[in-house]
There are 2 protein chains.
Amino acid sequence: MLSQESHLARNIDRHVTLSGGDASLLAELDAHPRRVPRGSELWQTQRPSDHLYTLCRGWACSYHRSANGSQQILDLFVPGDIMGLRDLTYHDHTSTAVMLTTGQVSAYPVERVSELMRCSRRLDWALQASAARQERLITQRLINVLSHDAVSRIAHLMLEVQHRLQRVDAASGDQFYLPLLQRQIGMLLGMSSVHVSRTLIELSRRGLLERSRRRIHLLDVEALARIADFTTFPYEAGLNPELLPEDGMQR
Amino acid sequence: MLSQESHLARNIDRHVTLSGGDASLLAELDAHPRRVPRGSELWQTQRPSDHLYTLCRGWACSYHRSANGSQQILDLFVPGDIMGLRDLTYHDHTSTAVMLTTGQVSAYPVERVSELMRCSRRLDWALQASAARQERLITQRLINVLSHDAVSRIAHLMLEVQHRLQRVDAASGDQFYLPLLQRQIGMLLGMSSVHVSRTLIELSRRGLLERSRRRIHLLDVEALARIADFTTFPYEAGLNPELLPEDGMQR
DNA sequence: CGTAGATTTGAAGCTCCTCAACATAAGTGG
DNA sequence: CCACTTATGTTGAGGAGCTTCAAATCTACG
């Protein structure tokens, strides 16, 4: 497990240093991934949230469907992400999750999550930290949507994605694969797919990014960061040492 | 403490039934509130998040300041709310919090919060539930902002506020006091204060709400809920029984 | 009572949306 | 492998919604 480190482990590692025992408990979480095809749903609104998922390969997202039929994407999941944390605290899901590409997912029943958290305080803490990080992502997107126009919103999204992919070594420098349709980018940022298209072209025209097929190449990260006000990376920040359980302490 | 129940206790009660011991531990959290004038800051960006706060009286909010000087309000706090939970997981704050009215706040050092959580699993759980509820609020606002126009956004905000105030018995029916300036409503919903003004007038014209001074009177909650797609109240939903610690269990 | 702050109103302009047609890419079965 | 089909992206035109600026009220408060 240490030799061939999973994306999940690499993700958690950024938050909390785990003991060997914790690491092997954690390894359980994505020990038995199964292949899930593009478009298949991981969970659905109003169904009980009885599993925690880890995404080993591929992309997924969670979304909300309004009464009028419009949809808004809430979370974007990349390899190494834990999925379903937001809803786990509650009895029912309030979102639906779907695979954006074919990928590998492992599902973990909530009872065993509960057990896991009882066994290891540090692992409990790691899950909380992961949840907190996802909340910061959402908060950042709210800030982005509240304050920026179309060009800045898209610039911000691209930088966020690059940053998250680099974290699990899934982006090669300034280039990465982005399986999102323009309609889906619109659902993330609250704009029409037509305007997403125009804005992407505008960004190309300005020499800020290039795209061929689904590959994105950020040509001028500096300028993009300026436009998008992407100076801080709050979800990468240090955890509160006061709340961190001592090393090796078990419940 | 049981006879004269605090707003905080009433808030937590909705999530978790606490034992007598837990309740008195909880009572500590807002035992010694101090008076804080309107406009005073509770915490600031990039400062260590070393306290948890409870709002006993008055209104507050947290906001983000962009590089270009624009501001976005992230959380709106009403009496009974716990403040600073979002940032507590991390070492530093990423938002600034300020009193919207003069009020009463009690601050609780993070070391003692940590102690509290170690002492009582149910209280730990209650705090997590409270954090999860605040995350759902933010997520709902993101959905609101992503999908709705000005009229719906404001309708949604009014319903959210009414709902949260009713929860702590601070709203009398369809009427409540709303200390937000129109500029601040704009900062919450991503619109200019001029347009907030026009939209509020439009809502009055349609007979959906009335306002005199800072008092809001919702005239047609049904219609507002339809406009705002405010059918579900996800932050009021039931907690996951699988994760709920058994009664009386201590660490 | 006067002043600073908040709200309202008007006008002009810009961003973004909608609708629709077209172009290109991706997927499918012969 | 190609024609067919379907999905996705691009382009244009017109219009709705919102912003900005500025001036005119209104309100709060020392």
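A residue is near a molecule or strand if one of its heavy atoms lies within 4 Å of it. That criterion is applied below to a predicted model, in which local features need pLDDT of at least 70 and side-chain atom pairs count only at pLDDT 80 or more, while totals for chains, interfaces and linings use all residues. Residues are numbered from 1 along each chain as its sequence is written, chains are lettered from A and ligands numbered from 1 in the order in which they are written, and side-chain values use heavy atoms, with hydrogens and water left out.

## Surfaces around the DNA strands

Of the atoms of DNA strand D within 4 Å of the protein, 72% belong to sugar or phosphate, and the rest belong to bases. For DNA strand C the sugar or phosphate share is 74%, again with the rest in bases.

DNA strand C has 18 residues around it, of which Ala150(A), His195(A), Gln182(B), Ser197(B) and Arg198(B) come nearest. Around DNA strand D there are 18 residues, and Gln182(A), Ala150(B), Ser192(B), His195(B) and Arg213(B) come nearest.

The table lists polar contacts, a polar contact being a pair of N or O atoms within 3.5 Å; within protein, one atom must be able to donate a hydrogen and the other to accept it, and residues adjacent in sequence count only if both atoms are side-chain atoms.

| Protein residue and atom | DNA atom | Distance |
|---|---|---|
| Ala150(A), backbone | Strand C, phosphate oxygen | 2.9 Å |
| Ser197(B), side chain | Strand C, phosphate oxygen | 2.8 Å |
| Arg198(B), side chain | Strand C, base nitrogen | 3.0 Å |
| Arg183(A), side chain | Strand D, phosphate oxygen | 3.4 Å |
| Ser197(A), side chain | Strand D, phosphate oxygen | 2.9 Å |
| Ala150(B), backbone | Strand D, phosphate oxygen | 2.9 Å |

Secondary structure is named from DSSP runs, numbered from the N terminus: helices are H or I runs of at least four residues, and strands are E runs of at least two. α8(B) gives the most to the surface near DNA strand C, with four residues. For DNA strand D, the largest share of the surface, four residues, comes from α8(A).

In the classification by residue type, Ala, Val, Leu, Ile, Met, Phe, Trp, Tyr, Cys and Pro count as nonpolar, Asp, Glu, Lys and Arg as charged, and the others, Gly among them, as polar. The surface near DNA strand C divides into six nonpolar, five polar and seven charged residues. For DNA strand D, the surface has six nonpolar, five polar and seven charged residues.

## The interface of chains A and B

With contact defined as heavy atoms within 4.5 Å, 53 residues of chain A touch 53 residues of chain B. The buried area, meaning the accessible area (1.4 Å probe) that two parts lose on being put together, summed over both, is about 4800 Å² between these chains, and carbon and sulfur atoms give 61% of it. Tyr90(A), Arg136(A) and Leu146(A) supply 16% of the area that chain A buries against chain B, more than any other three residues.

## Helix α7 of chain B

A residue is called buried under 20% relative accessible area, exposed over 50%, and partly exposed in between (1.4 Å probe, protein chains only). By this criterion α7(B) is mostly covered, with six of its eight residues buried. These are Gln184(B), Ile185(B), Gly186(B), Met187(B), Leu188(B) and Leu189(B). They pack against α5 (121-147) of chain A and, within chain B, against β5 (71-77), α5 (121-147), α6 (150-167) and α8. Just after α7(B), Gly190(B) has a positive phi of about 70°.

## Strand pairing

Two strands pair if DSSP finds at least two bridges between them. Strand β11 of chain B, residues 215-218, is joined to β9(B) (residues 175-177) by three bridges, and the two run antiparallel. β11(B) also pairs with β10(B) (residues 209-212) in the antiparallel sense, over four bridges. His217(B) is the bridge partner of Gln175(B) and stands opposite Glu210(B). The hairpin of β10(B) and β11(B) has two residues between the strands, and Arg213(B) in this hairpin takes a positive phi near 60°.

In a regular strand the side chains alternate between the two faces of the sheet. In β11(B), Ile216(B) and Leu218(B) form a covered face, and Arg215(B) and His217(B) an uncovered one.

Chain A contains an open sheet of four strands in the order β1-β8-β3-β6, with antiparallel pairing. β1 (34-36) and β6 (82-83) of chain A stand at the edges with a single partner strand each, so one side of each is left without a neighbour in the sheet. β1(A) pairs with β8(A) (residues 103-109) over three antiparallel bridges, and Arg34(A) has Val105(A) as its bridge partner.
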